[in-house]
Structures are given as C-alpha cells and as structure tokens.
Amino acid sequence: MPMTPPLDPFKADCARCQGLCCAAPGHRQDDGFPVDKPADRACRNLDPETFRCRAFETLEREGFTTCRGYECFGAGPQVARWLPAAWPTLPEAEVVRRFDDFRRLSRLRCLVAHMAGRAELAEHPLHLALTDVVTEYDRTGRLAPAPSINARLAAYPDLTREMIRAVGYGGRA
Ligand code: SF4
C-alpha cells in the first residue's frame, strides 16, 4: 500500500525514496562521474540496505561532481510508493519497470515544474494535461496515457511530440 505523499511533491525527499537516482539512470564519465555505470545498476557507493550514499562527504574529491546538485523533482518518492519492498529484494522485471518509471517521471516532473514557474506557461492547457499525467501515476502506478489525457495532449500535436520526446514519456528511456 503506498505511503502518504510527501509535503512538497516537486522536491526530492530521499527519506521516502530508495536511492533510485543512484541506480536507475546510467552514469557517464563525461557527465560528472568518475566511471561509467549502466542504467538499472546500483552505483558502487550506494548502500543497498540504507539506500544512502557511502561517499556523500567526499563526492567531489572522488569525482562524483553531479550527484550533490541532482534534483529528481519528487520522482523518487512518487515511484517508491509503488515498491512493495526494498527493490534489491524484488523480481528483476518489477525493478526494471520501476526504474524506467523513475527515469521518465523525473524528466516529466522537471518539465512540469519549470512550466509551473513561468507565468506564460503555468495555465497553458498542455501544462495542465502533463500535470495530470504526473498525478495519474499516484492513482494507478502506471505511466501510460489515459484516453482523456491523450485527447488533451493531442490538441497540441507538434509541441506535445517534442516535449514527450524530450522526456521519454510513452517509451523506454
Ligand atoms: S556517488 Fe553517491 S550520490 Fe552519487 S550516484 Fe553514487 S550513491 Fe548516489
């Protein structure tokens, strides 16, 4: 059963997550990491029991220059609500599915949050429809277009296509 939502749903809340940002995305050396890490694999520094970073005090010195400033825009807690147990104990197919949710939701929520912060975009119907995509995940645990939301997104085909391509919504990242 999902926990109650976090207080600020568009901010990271690591206490309500399971280190998803340290496992789901792939890391590349030219993106502020000292080593490459494939997607769907835990970082070598992630404690698999506490889901805390074992190198947090020395990140920059060890070459992890991206981690401290990373913001998931609340995707981690939102996805973690649908994990029935610690992800290392779950079947791989379920873990991979939720990791994929995290990658797509974090980008989608970044887009929604930035639109919310721009006066000319905040009330745009596309922003409202994308917000509903995020909200629907809370209800269903699925990041799939509901017909009613699809119809609203379809009113802006070019813009929607570009945005959806940018965030990977509707396909695997
Ligand atoms: S170094 Fe720490 S914060 Fe960065 S990805 Fe690894 S576990 Fe996460």
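Let's start with F73. F73 is found in the segment that comes before helix α1. One thing to keep in mind throughout: this is a predicted model.

So, is F73 buried or exposed? F73 is buried, because 21 other C-beta atoms lie within 10 Å and the cut-off for buried is 20 or more. Now look at the backbone. The phi of F73 is near 60°, a positive value, and F73 is not a glycine. Here is the background. Most residues other than glycine have a negative phi.

There is a second residue to flag on that score. D40 also has a positive phi, of about 70°, and D40 is not a glycine either. D40 lies in the segment before α1, which spans 75-80. Its surroundings: 15 other C-beta atoms within 10 Å, so D40 counts as partly exposed.

Back to F73, and to its partner. Which residue sits 5.8 Å from F73, C-alpha to C-alpha? That is R109, 36 residues away in sequence. R109 lies in helix α2. Buried or exposed? R109 has 24 C-beta neighbours inside 10 Å, so R109 counts as buried. What does R109 touch, once neighbours within four places in sequence are left aside? The contacts are F10, F73, G74, A75 and V134.

That brings us to the helices. Two packed helices are described by the angle between their axes and the distance between the axes. Take α2, residues 92-116, and α4, residues 125-140. Their axes come within 10 Å and cross at roughly 140°. Therefore α2 and α4 are oblique to each other. The crossing of α2 past α4 is left-handed.

Who makes this contact? From α2 we have L105, L108, R109, L111, V112, M115 and A116. From α4 we have H127, L130, T131, V133, V134 and Y137. How many of these residues are nonpolar, polar and charged? Ten are nonpolar, two are polar and one is charged. Notice that R109 appears here on the α2 side, and V134 on the α4 side.

Next, the ligand. Which residues are around the ligand? They are C22, C43, N45, L46, C53, A55, L59, F64 and C67. By type, this shell has eight nonpolar residues, one polar and no charged.

Now a few more positions in the segment before α1. First up, R41. R41 lies in that segment. With 14 other C-beta atoms within 10 Å, R41 is partly exposed. R41 and A24 are 17 residues apart along the chain, and their C-alpha atoms are separated by 6.6 Å.

Then G63. G63 is also in the segment before α1. G63 has 14 C-beta neighbours inside 10 Å and therefore counts as partly exposed. Not counting residues up to four places away in sequence, G63 touches F33 and P34. How far apart in space are G63 and L153? Their C-alpha atoms are 41 Å apart, with these positions 90 residues apart in sequence numbering.

Last one, E71. E71 lies in the segment before α1. E71 is partly exposed, because 14 other C-beta atoms lie within 10 Å. E71 and D13 are 58 residues apart in sequence. In space, C-alpha to C-alpha, E71 and D13 are 9.6 Å apart.

To recap. F73 is buried and has a positive phi. R109 is in contact with F73, and R109 is part of the contact between α2 and α4. Those two helices are oblique to each other. The shell around the ligand has no charged residues. That's it from me.

Definitions and conventions:
Residues numbered from 1 in each chain as written. Predicted model: local features only at pLDDT ≥ 70, side-chain atom pairs only at ≥ 80, totals over all residues. Near = placed C-beta within 6 Å. Nonpolar A, V, L, I, M, F, W, Y, C, P; charged D, E, K, R; others polar. Axes fitted to C-alpha atoms, helices over the stretch in contact; angles between N-to-C directions. Helix = DSSP H or I, 4+ residues; strand = E, 2+ residues; numbered from the N terminus. Parallel < 35°, antiparallel > 145°, perpendicular 65-115°, else oblique. Left-handed = near helix turned anticlockwise from the far one by under 90°. Contact = placed C-beta atoms within 7 Å. Buried ≥ 20, exposed ≤ 12 C-beta atoms within 10 Å, placed from the backbone.
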